[in-house]
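Me: I would like a close look at one part of this protein, the paired charged side chains. Please keep to what the model supports.

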Amino acid sequence: MSGRTFRQAHPLPKAHGQWCSYLSSCAHSEWYNGTSWLTPGGQAVPAGSHVRLNLQTGAREVKLQDEDKFQNTLKGSKKGKRLDINTNTYTSQDLKSALEKFKEGAEMESSKEDKARQAEVKRLFRPIEELKRDFAELNVVIETDMQIMVRLINKFNSSSSSLEEKIAALFDLEYYVHQMDNAQDLLSFGGLQVVINGLNSTEPLVKEYAAFVLGAAFSSNPKVQVEAVEGGALQKLLVILATEQPLTAKKKVLFALCSLLRHFPYAQQQFLRLGGLQVLRSLVQEKGTEVLAVRVVTLLYDLVTEKMFAEEEARLTQETSSEKLQQYRRVHLLPSLREQGWCEITAHLLALPEHDAREKVLQTLGALLATCRDHYHQDPQLSRTLASLQAEYQVLAAQELQDGENEGYFWELLGSINSLLKELR
């Protein structure tokens, strides 16, 4: 029996009776091939058969199945297949019915979950009308943002309100108009114009807080910006900046002016037409207004770069005929800055001691370089200031490196100074 390994085992039973003894008269010798018991004739004892030792005869016996089942089992074993004893079959109609019942069960389960979820929501929350009734019984009124703003405008505009009440109304109103929709609602019922008219007040505090509200409402809100220019806000803001007012009031007014001009080329045109650059020049040259000077320089930098970005965007997209680009091209900001002495003014502001102020001035000097190059070359004080700052920031940048901070804040400032010095050589 070459090619297969067998070892001798007990005699194989024959299928005659429920139990067959392993006797010499019942079968011949057999071998085991690793899977089933084999006789020399090739018959096998099915796996899982019950074997016992007959204590009376001393013979080993195996319990056999019915003859037919035994033969079927042997056939399946010879073919190496697993016997499938499950003879149940299902028709297509049976499967459809089972699937429909499954869907019905899933829907019922889903319905139960939805009802449980709705019950939980009802337990945690109550309808707004029910809350209103309960608050009404407690003399508490629920107001929408619009209703609150109407009430605040009426309080501010009332002749019977004290100065403190007017200021409190404006202070609360500023909180609501930060939201774009609320700012547009303020416009819709005439509240914006009431606040604009508040800039004419003889009370510096009213001017200050009216400008505070307007600055919040103008910010990135084109619809409100347009209506504000049409309502005379730009002229009123410039008048306050050009006249003697408390520094705190001018801070808020400058904030409102910046919010009105940014990303609004039409307002920028009107600003130049109304002499806005002259107003800002006088403002930064006043004593004690250094903090305002930094904000003015930042505004100018934003306006210059904003127009540059619009031109660059048009070049990349090849949309040179857009209305937005045409509006920016009507804003002749750089020539106006040169004519009105902003090249020199900006350069002198580099002497400010704060690092943040220097950073803003350096950015603006870089933005104005193409327009003011000849002025910078003719200004010896600028070269001396840049050389002094270069030495200062070399030390600070080296200290940053020692502290493990690569390309830190002072390193960036030093880079800006080096770039300007290189351009001016």
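What is the relative accessible area of Glu423? Please describe its salt bridge and the comparable ones as well.

Reply: Glu423 has a relative accessible area of 39%, which makes this residue partly exposed (buried is under 20%, exposed is over 50%, and partly exposed is in between, with a 1.4 Å probe and protein chains only). This is a predicted model, in which local features need pLDDT of at least 70 and side-chain atom pairs count only at pLDDT 80 or more, while totals for chains, interfaces and linings use all residues. Residues are numbered from 1 along each chain as its sequence is written, and side-chain values use heavy atoms, with hydrogens and water left out.

The partner of Glu423 is Arg373; their closest N and O atoms are 3.3 Å apart in this salt bridge (a side-chain nitrogen of Lys or Arg within 4 Å of a carboxyl oxygen of Asp or Glu). Glu423 belongs to helix H21 (residues 409–424) and Arg373 to helix H19 (residues 369–377), so the bridge ties together parts 50 residues apart in sequence. Helices here are DSSP runs of H or I with at least four residues, numbered from the N terminus. Arg373 is also partly exposed, at 31%.

The structure holds eleven salt bridges, and two others can be set beside this one. In one of them, Arg358 pairs with Glu392, with 3.1 Å between the closest N and O atoms. That pair links distant parts of the chain: Arg358 is in helix H18 (residues 355–367) and Glu392 in helix H20 (residues 380–402), 34 residues apart. Arg358 is buried, its relative accessible area being 10%, whereas Glu392 is partly exposed at 31%.

The other joins Glu311 to Arg329, the closest N and O atoms lying 3.2 Å apart. Helix H14 (residues 290–317) carries Glu311 and helix H15 (residues 323–329) carries Arg329, so this pair ties together parts 18 residues apart in sequence. Both partners are partly exposed: Glu311 has a relative accessible area of 28% and Arg329 one of 35%.

As for confidence, the protein averages a pLDDT of 82, and 76% of the residues score at least 70; pLDDT is the predictor's confidence in each residue, from 0 to 100. The value stays under 50 over residues 1–19 and over residues 21–42. Where pLDDT is low, the predicted coordinates should not be read in detail.

Terms used:
Contact means heavy atoms within 4.5 Å. Helices (H or I, at least four residues) and strands (E, at least two) are DSSP runs, numbered from the N terminus.
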